[in-house]
Amino acid sequence: MKRFLLLIAPLVSSAFAQKVVQIPILNPQFNADALACSTPGSNCFAYGITGWLAGPETGVSLESTMQFSSAPPEGLYVAFVGYPPSTGSISQMLGVPLQANTTYSLTVKVGARADFPFTGYFAALGAGNTTLASGNSATPLGGKFVDDVIVYNSGANPPQLGQSLQILIKSLGTGQVSIANVSLTAAAQLTAAAQ
C-alpha cells in the first residue's frame with residue numbers, strides 16, 4: 001500500500017504545480033532617493049518618491065529608532081503617506097499585464113510611527129483602474145511594522161485580462177502610515193503539458 005501512495009503523490013502534486021515569479025516594482029523599499037540629512041529622524045524627509053505617483057502629504061523619510069525600534073543606526077527609509085490635515089496616497093503602474101489562472105500576492109509592510117498617530121490605510125492591487133483585491137487589516141503597534149498580504153486569484157477569464165497591474169496605497173483619517181516595503185508575486189497554475 002505504501003508503494004501505491006508514493007506513486008500517486010507525484011501525480012497529484014504535479015497537477016497543482018505553480019510557477020511563482022516576482023513582479024518588478026520600481027523602488028519597492030523607498031531607498032532610491034538618498035536624503036542628505038546628517039542624522040535620521042522625524043526631520044529627515046522629502047516630498048515625492050522616485051518610481052511612484054505620490055499624492056499630497058506623501059514622500060520619503062529616513063526614520064530613526066525614535067520612530068521605529070527596528071531602524072538601523074544609519075536609518076530606515078520608508079514612504080510616509082498622509083499628514084494632518086490631509087490623507088495621502090502612492091500608486092504605481094507596473095506595466096505587467098493581468099494573466100488568467102494566476103494567483104497574485106501583494107505584500108505591504110505597514111508601519112505605525114512611535115511618535116505619530118496611525119489612523120489606518122487602504123492597499124489595493126488593481127488592473128485597468130479597477131480594484132481586484134484590497135486590504136487594510138494590519139494594525140501595527142507604535143514603532144512597529146506588520147505585513148498585510150492581499151491575495152487575488154484571476155480565474156480562467158478575468159474581465160481585466162491583459163490590462164496593466166497597478167498598486168495603490170493610501171492613508172485613512174488624519175494620521176500617517178509608513179510603508180517600508182512592497183512586493184508582488186504571481187503564481188501561475190501550470191497544466192501537465194506546460195511542465
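These legends accompany close-up views of a predicted model.

**View 1. The whole protein, built from one helix and 12 strands.**
The helix comes at the N-terminal end of the order, and the strands follow it. The protein has 195 residues, of which 39% count as buried. It exposes about 10,100 Å². Carbon and sulfur atoms supply 59% of that area. Take the contacts between residues at least 6 apart in sequence: 75% of them join residues at least 24 apart.

**View 2. An open sheet of five strands.**
The strand order is 3-6-11-8-9, and the pairing is antiparallel. Strand 3 (53–54) and strand 9 (130–135) stand at the edges. Each has a single partner strand, so one side of each is left without a neighbour in the sheet. Strands of a sheet pair through backbone hydrogen bonds.

**View 3. Strand 3 against strand 6.**
Strand 6 covers residues 89–97. Strand 3 pairs with strand 6 in the antiparallel sense, over two bridges. Look for Ala54: it stands opposite Ile90 in strand 6.

**View 4. Ser171 in strand 11.**
Strand 11 spans residues 164–171. Ser171 has a relative accessible area of 2%, under the 20% cut-off, so it counts as buried. The side chain of Ser171 reaches the backbone nitrogen of Gly88 at 2.9 Å.

**View 5. The surroundings of Ser171.**
Neighbours within four places in sequence are left aside here. Ser171 is then in contact with Val81, Gly82, Thr87 and Gly88, as well as Gly120, Tyr121 and Val177. Gly88 is also the residue whose backbone nitrogen the Ser171 side chain reaches.

Terms used: Residues are numbered from 1 along each chain as its sequence is written. This is a predicted model: local features need pLDDT of at least 70, side-chain atom pairs count only at pLDDT 80 or more; totals for chains, interfaces and linings use all residues. Side-chain values use heavy atoms; hydrogens and water are left out. Helices (H or I, at least four residues) and strands (E, at least two) are DSSP runs, numbered from the N terminus. Buried means under 20% relative accessible area, exposed over 50%, partly exposed in between (1.4 Å probe, protein chains only). A polar contact is a pair of N or O atoms within 3.5 Å; within protein, one must be able to donate a hydrogen and the other to accept it, and residues adjacent in sequence count only if both atoms are side-chain atoms. Contact means heavy atoms within 4.5 Å. Accessible areas come from the Shrake-Rupley method with a 1.4 Å probe; for residues, only the protein chains shown count as cover. Two strands pair if DSSP finds at least two bridges between them.
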